[in-house]
Structures are given as structure tokens and as C-alpha cells.
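Let's walk through a structure together, one feature at a time. Ask whatever comes to mind as you look.

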Amino acid sequence: SEMKSVEQKIDDIIRHIDHVKDNCLLLGERLVNLGKKDMGRLLIANGFIHDNSKFYGVEWDYLNDQTGSEELLQIAVSQHNRTNPHHPEYWGGIEAMPSLYVAEMVCDWKARANEFGTSLQDWIEDGAAKKFEYHVDSEVYRKIIYYSNILCDKPFNRV
């Protein structure tokens, strides 16, 4: 695959951050309307700093790397996941995540699904469930579905 220019990479980051921010604004406003005022406000605030770390340090070095180094990718991803609280790795597992960050994670997942043209529901029910080892009868799954249903205009159907 052809290497992207730094300008294209910056553009991709900005577009993703904007998608997540829009999702955080929408979900945050809807949470405020449901009476969860602090949660909504803090989620909106998180939307403005989401993935900011991608512009610094090893994450930025990876984006500027022209060699396609697999090692640098792994280091950058690990650094990103372990320093951004909307990633389960930050907490040592998805079950330990506070609700605020579960909500931001859902906003992130929805943005990525839109960007890749994939199904958010499939990711939640299958991909993420396998990756982060949660079950449909878990508290964290209930939170994920709760925030997804508020964020998405068409709620998920149980299959």
C-alpha cells in the first residue's frame, strides 16, 4: 500500500477526532437531557481532548515514520492505549473502566465504524467482546449498550 503523506495522516487524525467530538457532544447533550448533567458535561469536555496524544511523542513519531516499522507501530499503539483513559488497557481491563470512559469509548467505536463502513453492533457483540473478554450478561456490556442506544438514533435490536 502507498505511504500516506504527513498531511494526509494529520487530516485522518483530525477527521477522526472531529467524529468522536461530535459523538461526545450528541451523547453528552442527551445524557444532560436525561438528568445526568455532570456525566454529560464531562463527556463533552473529553470530546475536545480525545486522542490529542497522537500529536506528540512516539505516537507522532510513528505517524511520521516512512519505514513502516511494525515495532514502532506496536510501541505507539501501546503508548496510546495505556495513556488514554477511553481505552480498556489504561485501566488494566474493560471491567474496571468508569462509566464516563465507557461512554467516550462508545463514541470512539461509533466514529471508527462510520470511518471504516463497518457495523458498530457487530463490533460490540463480537469483535470487542472477544478482544476485551466481556460477556453479554456483564455490567460493562449493559453500559456499552445503554450508551450506544442513546447515541444511535436507531437502537440496536437483540438478535
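Q: Before we start, what counts as a helix here, and how do the helices get their numbers?
A: Helices are DSSP runs of H or I with at least four residues, numbered from the N terminus. Keep in mind that this is a predicted model. Now try a spot between two helices: His87 sits in the loop between helix 4 and helix 5 (88-91).

Q: Is His87 buried or exposed?
A: Buried means under 20% relative accessible area. His87 has a relative accessible area of 15%, so it is buried.

Q: What does His87 touch, apart from its neighbours within four places in sequence?
A: Look for His80, Asn81, Met97 and Asp108, which are in contact with His87 once those neighbours are set aside.

Q: Let's move to helix 1. How do I check its length?
A: Compare its reach with what you'd expect at 1.5 Å a residue. Helix 1 (residues 6-33) has 28 residues, and from first C-alpha to last it reaches 40 Å, close to the expected 40 Å.

Q: Which residues of helix 1 are buried?
A: Here's a general idea to hold on to: an α-helix has 3.6 residues a turn, so residues three or four places apart point the same way. In helix 1 the buried residues are Lys9, Ile13, His16, Ile17, Val20, Asn23, Cys24, Leu27, Gly28 and Leu31.

Q: What do the buried residues of helix 1 pack against?
A: Their partners are helix 2 (37-49), helix 3, helix 6 and helix 8.

Q: And what follows helix 1?
A: Gly35 does, with a positive phi near 90°.

Q: Where else can I find a positive phi, in a residue other than glycine?
A: Asp51 is one such residue, with phi near 60°. You'll find Asp51 in the loop between helix 2 and helix 3, and it counts as buried because its relative accessible area is 2%. Glu133 is another residue other than glycine with a positive phi, near 55°. That one is in the loop between helix 7 (120-132) and helix 8. At 66% relative accessibility, Glu133 counts as exposed.

Q: How do I describe two helices that pack together?
A: Two packed helices are described by the angle between their axes and the distance between the axes. Take helix 3 (residues 57-64) and helix 4 (residues 70-83): they pack at an angle of about 145°, and their axes are 8 Å apart. Their crossing is left-handed.

Q: Which residues meet where helix 3 and helix 4 pack?
A: From helix 3 come Val58, Glu59, Asp61 and Tyr62, and they meet Leu72, Leu73, Ile75, Ala76, Gln79, His80 and Thr83 of helix 4. By class, this contact has six nonpolar, three polar and two charged residues.

Q: What about helix 6: does its span agree or disagree with the expected one?
A: It agrees: helix 6 (residues 99-116) has 18 residues, which should span 26 Å at 1.5 Å a residue, and its end C-alpha atoms are 26 Å apart. Helix 6 is also mostly covered, with 13 of its 18 residues buried. After helix 6 comes Gly117, whose phi is positive, near 65°.

Q: How many aromatic pairs are there in the whole structure?
A: A search finds seven. Start with Tyr90 and Trp91: their ring centres are 4.9 Å apart and their planes are at 65°, so the pair is edge-to-face. Both residues are partly exposed, Tyr90 with a relative accessible area of 37% and Trp91 at 30%. Now compare Tyr134 and Tyr141, a tilted pair with 6.2 Å from centre to centre and 35° between the planes. Tyr134 is buried, at 3% relative accessible area, and Tyr141 is buried too, at 5%.

Q: Which residues do ring pairs link into a cluster?
A: Look at Tyr90, Trp91 and Tyr101.

Q: One last residue: where does Tyr147 lie, and what does it touch?
A: Tyr147 lies in helix 8 (residues 139-151) and is buried, with a relative accessible area of 6%. Not counting residues up to four places away in sequence, Tyr147 touches Leu27, Leu31, Met39, Ser99, Val102, Ala103 and Val106. Also, Tyr147 and Arg30 are 117 residues apart in sequence, and their C-alpha atoms are 9.9 Å apart in space.

Notes
Residues are numbered from 1 along each chain as its sequence is written. This is a predicted model: local features need pLDDT of at least 70, side-chain atom pairs count only at pLDDT 80 or more; totals for chains, interfaces and linings use all residues. Side-chain values use heavy atoms; hydrogens and water are left out. Buried means under 20% relative accessible area, exposed over 50%, partly exposed in between (1.4 Å probe, protein chains only). Contact means heavy atoms within 4.5 Å. Rings of Phe, Tyr and Trp (its six-membered ring) pair if their centres lie within 6.5 Å; planes under 30 degrees apart count as stacked, over 60 as edge-to-face and the rest as tilted. The expected span of a helix is 1.5 Å times one less than its number of residues. Axes are lines fitted to C-alpha atoms, for helices over the stretch in contact, and angles run from 0 to 180 degrees between N-to-C directions. A crossing is left-handed if the near helix is turned anticlockwise from the far one by less than a right angle, and right-handed if clockwise. Ala, Val, Leu, Ile, Met, Phe, Trp, Tyr, Cys and Pro count as nonpolar, Asp, Glu, Lys and Arg as charged, and the others, Gly among them, as polar.
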